[in-house]
Amino acid sequence: MALKIRLARGGSKKRPYYHVVVADVRSPRDGRFIERLGYWNPMLPKDDAARVSLDQERIQHWLDNGALPTDRVARFMADAGMITREARNNPNKAKPGKKAQEREAERKQKEEDAAAAAAEAAAAPAEEAAAEEETAAE
């Protein structure tokens with residue numbers, strides 16, 4: 001039987017409240033669980049001590065018996081100093097999508113074309129003035 005230490009949602013609509021539970025991986029999110037190990041109240045400020053509460057002794061017992069924490073629960077455990085968790089990094093997530101990259105390339109091309117046209121327009125009167133000076137000198 002594979003076990004997970006995960007969150008089970010409670011609370012009312014738009015007022016979430018989560019219990020940290022150990023459950024079989026096949027049971028539904030808010031369904032049957034084996035034991036309640038703590039809670040998380042995301043409605044409280046992040047610096048509030050009552051935002052997350054974990055029964056560290058029981059969590060350690062279940063970890064020793066093969067239960068695996070989900071990512072969010074592992075974050076809570078790392079903040080409590082129970083486990084070490086390496087930071088995750090996904091540099092591709094911040095990149096814009098293909099369509100946005102195409103729009104950006106198109107916008108840059110238009111700017112370059114406008115700058116080139118402005119440079120040509122500025123150069124044309126200077127050439128005309130030079131040509132007029134040459135004709136006046138003759």
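This dialogue goes through a predicted model, from strands to salt bridges to a pocket.

Colleague: What should I know before reading this model?

Modeller: It is predicted, so local features need pLDDT of at least 70 and side-chain atom pairs count only at pLDDT 80 or more, while totals for chains, interfaces and linings use all residues. Residues are numbered from 1 along each chain as its sequence is written, and side-chain values use heavy atoms, with hydrogens and water left out.

Colleague: How many bridges join β2 to β3?

Modeller: Strands (E, at least two residues) and helices (H or I, at least four) are DSSP runs numbered from the N terminus, and two strands pair if DSSP finds at least two bridges between them. Here β2 (residues 15-24) and β3 (residues 35-40) run antiparallel, joined by five bridges. Histidine 19 stands opposite tyrosine 39 in β3. Three bridges join β3 to β4, also an antiparallel pair, with tryptophan 40 opposite valine 52 in β4.

Colleague: Is aspartate 47, in the loop between β3 and β4, buried or exposed?

Modeller: Buried means under 20% relative accessible area, exposed over 50%, and partly exposed in between (1.4 Å probe, protein chains only). Aspartate 47 is exposed because its relative accessibility is 72%.

Colleague: How many salt bridges does the structure hold?

Modeller: A salt bridge is a side-chain nitrogen of Lys or Arg within 4 Å of a carboxyl oxygen of Asp or Glu. The structure holds eight. One of them links arginine 26 and aspartate 24 at 2.8 Å, N to O. Arginine 26 is exposed at 67%, whereas aspartate 24 is buried at 11%.

Colleague: Which salt bridge joins residues of helix α2?

Modeller: Arginine 75 and aspartate 71 meet at 3.7 Å, N to O. Both lie in α2, four residues apart, about one turn of the helix. Arginine 75 is partly exposed at 34%, and aspartate 71 is partly exposed at 32%.

Colleague: Which residues line the largest pocket?

Modeller: On a 1 Å grid over the protein atoms alone, a pocket is an open set of points where a 1.4 Å probe fits, with protein on both sides within 12 Å along at least five of seven lines; lining residues have an atom within 4 Å of a point. The lining includes Trp40, Val52 and Arg75. Its largest share, four residues, comes from α2.

Colleague: What is the volume of the largest pocket?

Modeller: Grid points are joined across faces, edges and corners, and a volume is the space filled by probe spheres set on the points. For the largest pocket that gives about 260 Å³.
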